[in-house]
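Please open the structure in a viewer and follow the stops below in order. Each stop gives a selection and then a short account of what is there.

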Amino acid sequence: MSVSSKVLPMRTEEDLMIVRQTVKAWMIEQEFSLLEQTKLVTAISEIGRNALVYGGGGSALLEQLLENCRVGIRVTIEDQGPGIADIEQALQDAYSTGNGLGFGLSGAKRLVMDFDICSKPGQGTRIKMTVWN
Amino acid sequence: MIIDNISRIADIITRHQESILNDWLHEQLVALSARQDLISESNLRLQSTELLSLFVPACNTGSLSDITQPEWAFVLDFLNKISSSRAILGFSPSETATFIFSLKQPLFDCLRQELNSDAEVLVDELWIATVLLDKLGLYTTEVFQKSREEIIRRQQRDMLELSTPVVKLWDGILAVPLIGTLDSIRTQVVMETLLQSIVDTGSHIAILDITGVPIVDTMIAQNLLKTVAAARLMGSECIICGIRPQIAQTMVHLGVAFGDVVTKATLSDALAYAFRRINRAVIQQVAHD
């Protein structure tokens with residue numbers, strides 16, 4: 001159940017920084033450990049930068065969750081870029097179509113508890129990442 | 001249509017200058033009641049008087065529907081000055097625009113008094129006045145925005161310079177305390193200052209301290225590695241230090257590593273390692289009583 005939510009733009013590096021800072025502030029409020037904070041914020045950084053560089057920018061939906069007395073945070077990053085043709089391949093370590101290290105997508109998946117990717121060529125990419133405290 | 005004739009606004013303002021000024025000032029003080037720490041009443045009076053004294057001649061000679069005409073240059077110049085100074089003082093855009101918009105009420109009151117016998121003329125004059133003041137008000141907001149952006153740009157430049165000092169720790173040992181996100185512009189600045197310092201000081205060891213970098217994602221790791229590679233090409237060895245526990249764990253999950261670069265937890269560990277590399281040792285002196 002989403003307790004509160006916020007939609008932020010993701011068009012520039014500054015937008016990405018604001019998303020990171022907002023999530024970080026929420027996590028401190030909800031008493032997530034420093035490690036969990038760092039992991040989610042790093043994952044947002046990876047996925048957000050993909051949306052900027054490959055997807056041409058998009059938006060981020062931030063949600064505070066509450067389920068069976070457990071608090072959580074879900075971040076959904078969406079872009080209207082070219083999409084990913086082969087998600088399996090994109091999720092492999094050291095695979096990159098650009099000139100990155102190729103650990104962004106697969107690494108981000110390992111950093112969060114729940115990772116959901118939805119993408120089709122020509123229809124953009126939507127990635128949902130959720131963590132629970 | 002009255003627009004083709006000469007508007008009576010300038011004439012009416014001239015005759016009621018004193019009362020308009022007082023009412024206008026009152027309106028501004030009410031609107032800014034919470035911000036009296038930022039501007040004094042006497043200052044506000046001075047600014048308001050000056051604007052009216054520029055406004056009347058502009059109305060007399062210039063077109064009331066086009067503030068881009070040269071007759072309005074003095075008014076715009078003055079508004080420019082006020083907006084910029086208020087942006088620096090910390091006013092909000094709407095508080096700045098209130099300076100102009102709060103003139104509406106007093107001016108409309110006077111127009112109504114003077115022209116109440118001819119409803120058609122009154123409506124026409126009110127329309128002219130409201131469009132004119134809207135334009136001037138929007139102009140202040142535009143200038144305000146520009147001044148703010150200028151302040152932000154200057155701060156960004158300042159931060160870029162501030163955040164990339166290269167310090168000499170010892171003969172042959174340099175340290176670069178990195179702070180904030182290491183984007184590509186930042187990396188470029190760090191690389192340039194570091195490489196130049198290596199040449200200037202003839203150092204063989206450079207310590208990159210990332211204690212102040214909040215997160216290390218793949219881009220930041222890649223940028224750090226590029227800096228290390230460039231320093232190596234110039235014959236210097238790099239040590240990356242200041243890797244905090246949560247950063248180390250996150251990097252492991254992420255799957256990025258610094259390869260064969262020497263990494264240390266703290267700056268003092270890195271310095272100790274650097275001393276060994278250049279065959280120096282810190283020894284404790286025995287006290288002689």
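Start in chain A with helix H1, and select A:Glu14, A:Gln21, A:Ala25, A:Ile28 and A:Glu29: these residues are exposed, on the other side of H1(A) from its buried residues. The model is a predicted one. Now select A:Leu16, A:Val19, A:Arg20, A:Val23, A:Trp26 and A:Met27, the buried residues of H1(A). Looking down the axis of H1(A), you will find them within an arc of 130 degrees, so they line one face of the helix.

Keep that face in view and add what covers it. The cover over the buried residues of H1(A) includes strand S1 (2–10), H2, strand S2 (58–67) and strand S3 (70–79) of chain A. H1(A) itself has 17 residues, and the 24 Å from its first C-alpha to its last is close to the 24 Å expected at 1.5 Å a residue. Just after the helix, select A:Glu31, which follows H1(A) and has a positive phi, near 60 degrees.

Next, the strands of chain A.

Select S1(A) and S2(A), which are paired antiparallel over eight bridges. One place to look is A:Ser4, whose bridge partner in S2(A) is A:Gln64. Then add S3(A): this strand runs antiparallel to S2(A), and 10 bridges join the two. Here A:Leu65 has A:Gly72 of S3(A) opposite. S2(A) and S3(A) form a hairpin with two residues between the strands, where A:Asn68 has a positive phi near 45 degrees.

Zoom out to the whole of chain A. Four helices and five strands make up its elements, and their order from the N terminus is β-α-α-β-β-α-α-β-β. Chain A has 133 residues, of which 38% count as buried. Among contacts in chain A with a separation of 6 or more, 63% are between residues 24 or more positions apart.

Now bring in chain B.

How many residues of chain A are in contact with chain B? There are 20, and they meet 16 residues of chain B. To see where they come from, colour helix H1 (13–29), helix H2 (34–53) and helix H4 (104–111) of chain A, each of which supplies at least two residues of the side that touches chain B. H2(A) gives the most to this side, with nine residues. Coloured by class, the side of chain A that touches chain B shows seven nonpolar, seven polar and six charged residues.

Move to helix H2 (residues 17–31) of chain B. With 15 residues, H2(B) should span 21 Å at 1.5 Å a residue, and its end C-alpha atoms are indeed 21 Å apart. Select B:Ile20, B:Trp24 and B:Gln28, which are buried in H2(B). Around the axis they cover an arc of only 65 degrees, which puts them on the same side of H2(B). Packed against the buried residues of H2(B) are helix H1 (9–15), helix H3 (41–61), H5 and helix H6 (104–115) of chain B. Turn the helix around to find B:Glu18 and B:Val30, exposed on the face directed away from the buried side of H2(B).

Then select B:Phe91, in the loop between helix H4 (73–89) and helix H5 (93–101) of chain B. Is this residue buried or exposed? B:Phe91 is buried, because 21 other C-beta atoms lie within 10 Å, and 20 or more is the cut-off for a buried residue. Leaving aside residues up to four places away in sequence, B:Phe91 touches B:Arg35, B:Leu38, B:Arg86 and B:Thr96. B:Arg35 is 56 residues from B:Phe91 along the chain, yet their C-alpha atoms are separated by 8.2 Å.

The last stop is the sheet of chain B.

Five strands form this open sheet in the order S1-S2-S3-S4-S5, with mixed pairing. Strand S1 (167–170) and strand S5 (262–264) of chain B are the edge strands, each pairing on one side only. From one strand to the next, the twist averages 30 degrees. Select strand S3 (residues 205–212) and strand S4 (residues 237–241) of chain B, a parallel pair with five bridges. Within this pair, B:Leu208 is opposite B:Ile240 of S4(B).

Finally, add two helices. Helix H9 (residues 218–233) of chain B packs on the sheet and touches S3 and S4 of chain B, its direction making about 155 degrees with that of S4(B). Helix H8 (residues 184–201) of chain B lies across S1, strand S2 (173–179) and S3 of chain B, and runs at about 165 degrees to S2(B).

Terms used: Residues numbered from 1 in each chain as written. Chains lettered and ligands numbered in written order. Predicted model: local features only at pLDDT ≥ 70, side-chain atom pairs only at ≥ 80, totals over all residues. Contact = placed C-beta atoms within 7 Å. Nonpolar A, V, L, I, M, F, W, Y, C, P; charged D, E, K, R; others polar. Pairing = 2+ DSSP bridges. Axes fitted to C-alpha atoms, helices over the stretch in contact; angles between N-to-C directions. Buried ≥ 20, exposed ≤ 12 C-beta atoms within 10 Å, placed from the backbone. Expected span 1.5 Å × (residues − 1). Arc of directions from axis to C-beta.
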